[in-house]
Amino acid sequence: MSDQATGVETAAEGVQKTRVFDLPEACVAHVLALTSPRDACRAAAVSPCFRDAAGSDTVWARFLPPDYPAILQLHQAPAPRLLLSRPGTKEASVPVASSPPATKKEAYLGLTDVAVLVDDGGMAVWLARGSGAKCVALSARRLSLPWEDGEFSWRWMPHHLSRFADVVQLVSCTCLDIYGQLPTAALTPATAYAAYLVFDTADGHRGLSFPDQETTVSVGGRAASRHAVCLRPDDDEARRFIGADGANSGGVRGPTLRRDGWWEVEMGRLRTGDEAVDGEEVAVSFEVLGWHPKRGLVVEGVEFRPL
C-alpha cells in the first residue's frame, strides 16, 4: 500500500502546474476584453504578459462603440472639438492632432479626452473613460422651448463657457416648459443613464427659486422617472411670492456646480435596451408648474451620461 502511495506522489510531482502567468497572451487578452477599460488598465500592472495583453487591439476594440469609426472620422476632421474638463481646468475648444491613432487604445483614450461636435454642431459626443459608454450632450438649439411671446421670450447669445456656438437666455415668460428628444440608438445599449439639465442664471433672475419645478424622463413613450427639482433654491423668495407652504422643499432635487462653471440638475434616469429599437426615442422635460413670471434662466443643453 505504501509503495502505491509513493507512486502516486511521484506522478503528481511530475505533473507541471499551469500558472496564470503561463497562459498565452491571446488567451489573457480574450479574458480582459470581457471586463472593463478600468479593469484592463489595472490588470496591466500584474505582469509583462498582462501588460501586453491589456494594451492589445483585441481588448480595446471590444471597449469601443460599434460606430466609433464614424466618430473618429469627425474627431480627425478640421472641426471644433472640445477638451473635456479635468480637475482644475475648464472645457475649451482645442486643436487636436489629425493623425489617425496607431492603436485601438489610442483611439479609445482620444475619444474620452475630447468631445466631438456632430449634427451641425448641435450635439457633442464622447466616451466615458471608465466604461466606454457613449455620452451625449444636446445643445439648446436641439431643445423645444416655449415661445408664448415669440422671439421676445428668449435671447440667443454666445457664451465663453459653452461647448456650443450659442446658448439661450430666458427674457420673460409665465409658462416655462423645455423638452428634448434623442434616439436611443445614439446611446450605448444595455446601459443605465442619467439625464442632466445644464444651465446657469443671469443676474436678476426670477421665478426659478420655488419648489414647483418638475422633470420627466421617458423611453419609447413610457415614463421612466419623474422628479421634483429646484434650479435656484431660495426659501425666502419662495415664502415671499407663494407663501409659507412654498418653502417646503423636502425631497426636491437641487443643482450641482460643475468643474466647467455650469450648473446641472439631474432630470431622471433610464436604462437602454439590449438592442436599439428603430425609431425609439428618449424624451426629457423640465417644467415650472406655476404661472408666475420667470426670467434669467440660461440653458446650455441636456446631457446623457452613464451611471
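Me: Why is the contact between the side chains of R258 and D260 called a salt bridge?

Reply: The closest N and O atoms of R258 and D260 are 2.7 Å apart, and a salt bridge is defined as a side-chain nitrogen of Lys or Arg within 4 Å of a carboxyl oxygen of Asp or Glu. The pair therefore meets the definition. The model is predicted, so local features need pLDDT of at least 70 and side-chain atom pairs count only at pLDDT 80 or more, while totals for chains, interfaces and linings use all residues. Residues are numbered from 1 along each chain as its sequence is written, and side-chain values use heavy atoms, with hydrogens and water left out.

Me: What makes R258 and D260 count as buried?

Reply: Buried means under 20% relative accessible area, exposed over 50%, and partly exposed in between (1.4 Å probe, protein chains only). R258 has 14% and D260 has 2%, so both are buried.

Me: How do you know that R258 forms a salt bridge with E303?

Reply: The closest N and O atoms of R258 and E303 lie 3.0 Å apart, which satisfies the rule for a salt bridge. R258 is in the loop between β12 (256-257) and β13 (263-271), and E303 is in strand β15 (residues 295-306), so the pair ties together parts 45 residues apart in sequence. Strands here are DSSP runs (E, at least two residues), numbered from the N terminus.

Me: Why is E264 called buried but R305 partly exposed?

Reply: E264 has a relative accessible area of 10%, so E264 is buried; R305 has 21%, so R305 is partly exposed.

How values were computed
Helix = DSSP H or I, 4+ residues; strand = E, 2+ residues; numbered from the N terminus.
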